[in-house]
Amino acid sequence: MNFLSLIEAKREGKTLTRGEIQNFIREFTAGEIPDYQMAAMLMAVYFRGLDTAETTALTLAMRDSGDVLKFPRDERPLVDKHSTGGIGDKVSLPLAPLLACLGFRVPMISGRGLGITGGTLDKLDSIPGFQTQLPAARIMAQVHKVGCVICGQTDTMVPADKRIYSLRDATGTVPSLSLIVASILSKKLAEGLDALILDVKFGSAAFMQTKGAARKLAKAMVALGNECGTRTRAMLTDMNTPLGRAAGNWLEVKESVECLAGKGPADLLELVLDSAAHLLVQTRSAKSFAAARILAEACLDSGLPRQKWDEMLAAQGADLNAFNRKLAQDSTTRFVAEVNADKAGYVSKCDARAMGEVIRDLGGGRIMKDSVINYDVGVDRIAKPGERVEKSGGLCRVHAADPVRAGLAAARLKTAFQISARRPPPEPRVLEIILR
Ligand code: URA
């Protein structure tokens, strides 16, 4: 194959055939196409785009670049959820055990955070002993026995995405709709799912800043997922405000456990239960969304998902005694600073992006791919829009490794909040459901 002529064709806005796309993904994965040529192709795709057929071909070629999980037949449908990421977005953690208790199998292959958005694997790495890198055979065995696993991609799953993603990162070609769709869906389709719920976020701390851009991405992923045989839906959700009252790896694990114990914040609970309810409807395990929501709520209230969480942790090597000791501590960092309101009023804004940047700078996120993370830093007791605060009342707390960083973070966090005399109208967290 002459890859140069394909780069030139895409540069001129021509359409590539399925065979051409399959060939170049196969040859790139085999190391037969140099990175500089693939970088040029990615830039051509960035400017010219891919049509629906090309995006489908790219997604499937990337999925097939490595192992596809093949689970034995079972009456329990295989389901998963993917979020485009945000601040305080810990939905996957309580959702996986809840879904397992609702009768699903959940091979939740997750990623790490980059930039300000948190990653599920980084959150789980804050649990003593918990292993996130599992070979395929162990993933399959745990899904069969426990019902859920949350782990990273194996070395042999979707290798084309791994290499293409790092090239995109280094060549300014990440924000291409077709490349994002192919990257996300190739990984999800490699799990062999029956149904997938997508949480596509918009807002200051989201990948997609506007509702319009998020809707376009959601529609493209829903159409392609369904075309590839996985029943796919998307929720468009707000990411201008952090989700829940805690952000930062360990603090989010703690809040997830509170959610499983029925004490989670309302917005987190809403997304967890809505995600589960959509999957119940998508797999025809419930007749309507309302009926599914009742089932999901009753399941969470039964306490079984909280037990399932411990079972999943134990199966993945966690030290449950150390985990419970850590859970019992108010803070696991040496310094905690309060951020207090300068005046009384209603919280009218709590900017997720500003909060994400503070947490990243405290050491809770990555500036570079290989940055070392401090899992315990973060923010909790976050006051949410619409809530009343008194003068000197708490807006949030910062957990930091030293007093200087705690003080700096507290000063920056104060500017993330706005207080107004009137209560702002409530903003819905879930804006829209995309069915096709
Ligand atoms: N997440 C991914 O896995 N890929 C993208 O391209 C963007 C977000």
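This passage walks through the ligand site, a few loop residues and the cysteines of a predicted model.

The ligand comes first. In this predicted model, it sits in the largest pocket. Its shell is made up of Tyr165, Arg168, Ile180, Ser183, Ile184, Lys187 and Phe207. Two helices, α8 (159-171) and α9 (177-189), each bring at least two residues to that shell. The largest share comes from α9, with four residues.

Three side chains around the ligand have an N or O atom paired up with one of its polar atoms. For Lys187, the partner is a ligand oxygen, and the distance is 2.4 Å. For Ser183, the partner is a ligand nitrogen, with 2.6 Å between the atoms. Arg168 faces a ligand oxygen as well, here at 2.9 Å. As for how much of the ligand is wrapped up, the protein covers 84% of the 230 Å² of accessible area that the ligand has on its own.

Next up is the loop between β3 (148-152) and α8, where Gln153 is found. Gln153 has a relative accessible area of 18%, so it counts as buried, the cut-off being under 20%. A polar atom of the Gln153 side chain lies 2.8 Å from the backbone oxygen of Met157. Val158 has its place in this loop between β3 and α8 too. The backbone of Val158 is a bit of an oddity: phi is positive, at about 45°, although the residue is not a glycine. Val158 is also buried, because its relative accessibility is 0%.

A positive phi turns up at Ser392 as well, this time at about 70°, and Ser392 is not a glycine either. Ser392 is placed in the loop between β9 (388-389) and β10 (394-400).

Two threonines in loops are worth a look. Thr17 lies between α1 (3-11) and α2 (18-29). With a relative accessibility of 43%, Thr17 counts as partly exposed. The C-alpha atom of Thr17 is 7.0 Å from that of Glu54, and the two residues are 37 apart along the chain.

The other one, Thr210, is in the loop that links β4 (195-202) and α10 (211-227). Thr210 is partly exposed, given its relative accessibility of 45%. A polar atom of the Thr210 side chain lies 3.1 Å from the backbone nitrogen of Ala213. Ala354 is 144 residues away from Thr210 along the chain, and 17 Å separates their C-alpha atoms.

That leaves the cysteines. The disulfide count comes to zero. Cys148 is in no disulfide, and the nearest cysteine sulfur, in Cys101, is 7.5 Å away. A disulfide needs the two sulfur atoms within 2.5 Å, so that distance rules out a bond between Cys148 and Cys101. Cys148 itself is buried, as its relative accessibility is 0%. The story for Cys396 runs along similar lines: the closest cysteine sulfur, in Cys350, is 7.3 Å from its own, and that is too far for a bond. Cys396 counts as buried because its relative accessibility is 1%.

Methods: Residues numbered from 1 in each chain as written. Predicted model: local features only at pLDDT ≥ 70, side-chain atom pairs only at ≥ 80, totals over all residues. Heavy atoms only, no water. Buried < 20%, exposed > 50% of the residue type's maximum accessible area, 1.4 Å probe, protein only. Near = heavy atom within 4 Å. Polar contact = N/O pair within 3.5 Å; in protein donor to acceptor, adjacent residues only side chain to side chain. Areas by Shrake-Rupley, 256 points an atom, 1.4 Å probe, with all protein chains shown as cover. 1 Å grid on protein atoms, 1.4 Å probe; cavity = no way out; pocket = protein on both sides within 12 Å on 5 of 7 lines; lining within 4 Å. Sits in = over half its atoms within 2 Å of the grid points.
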